[in-house]
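Reader: I am new to structures of this kind, so please take me through this one step by step. I would like to hear the general idea of each feature before the case at hand.
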Amino acid sequence: MEVTLPKLRDYQVETVERLRQSLARQDGSPASILCSVTGGGKTVMAKYVMGRSLQRTPVMGKQTGNIRFAVNRRGLVHNSEIRINE
């Protein structure tokens, strides 16, 4: 599977790095949440994180993965689908 990662802005790189560090903790934390202001590029950052995850999850020579992306409004589903498929 070919994954094209979006280019992140500096503040997005910092946010993604903090999320990565949170996910890497071995303290039994069940989950991490990426939060940002309206228009801060949450979907772009999520696409980046999901893409990196897919790049790093080879199974029997194939790129696979199980990712869940949740939003709370139908309009957000449509907008997110468009952004992720760009």
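Reader: Let us begin with a single residue: is valine 16 buried or exposed?

Author: The general idea is relative accessible area, where buried means under 20%, exposed means over 50%, and partly exposed lies in between, with a 1.4 Å probe and protein chains only. Valine 16 counts as buried because its relative accessibility is 10%, and its place is in helix 1. Please keep in mind that this is a predicted model, in which local features need pLDDT of at least 70 and side-chain atom pairs count only at pLDDT 80 or more, while totals for chains, interfaces and linings use all residues. Residues are numbered from 1 along each chain as its sequence is written, and side-chain values use heavy atoms, with hydrogens and water left out.

Reader: Which residues does valine 16 touch, leaving aside those up to four places away in sequence?

Author: A contact means heavy atoms within 4.5 Å. With that sequence limit, valine 16 touches Leu8, Met45, Tyr48 and Val49. Its C-alpha atom is also separated by 8.5 Å from that of alanine 46, although the two residues are 30 apart along the chain.

Reader: Where does alanine 46 lie, and is it buried or exposed?

Author: Alanine 46 belongs to helix 2, and it counts as buried because its relative accessible area is 15%. Another pair to look for is alanine 46 with proline 6, which are 40 residues apart in sequence, while their C-alpha atoms are 9.9 Å apart in space.

Reader: What should I look at in helix 3?

Author: Asparagine 79 is found there, and this residue counts as partly exposed because its relative accessibility is 45%. Its C-alpha atom is 9.0 Å from that of threonine 43, a residue 36 positions away in sequence.

Reader: How many helices and strands does the protein chain have?

Author: Both are DSSP runs numbered from the N terminus, helices being H or I with at least four residues and strands being E with at least two. The protein chain has three helices and two strands, and from the N terminus on these elements follow the order α-α-β-β-α.

Reader: What do the totals say about the chain as a whole?

Author: The protein chain has 86 residues, of which 21% are buried. Taking the contacts with a separation of 6 or more, 55% join residues 24 or more positions apart.

Reader: How should I read the confidence of the elements, and which has the lowest mean value?

Author: The predictor's confidence in each residue is called pLDDT and runs from 0 to 100. Its mean over the protein chain is 82, with 86% of the residues reaching 70 or more. Among the elements, helix 1 (residues 10-24) has the highest mean, 90, whereas strand 2 (residues 62-63) has the lowest, 58. Where pLDDT is low, the predicted coordinates should not be read in detail.
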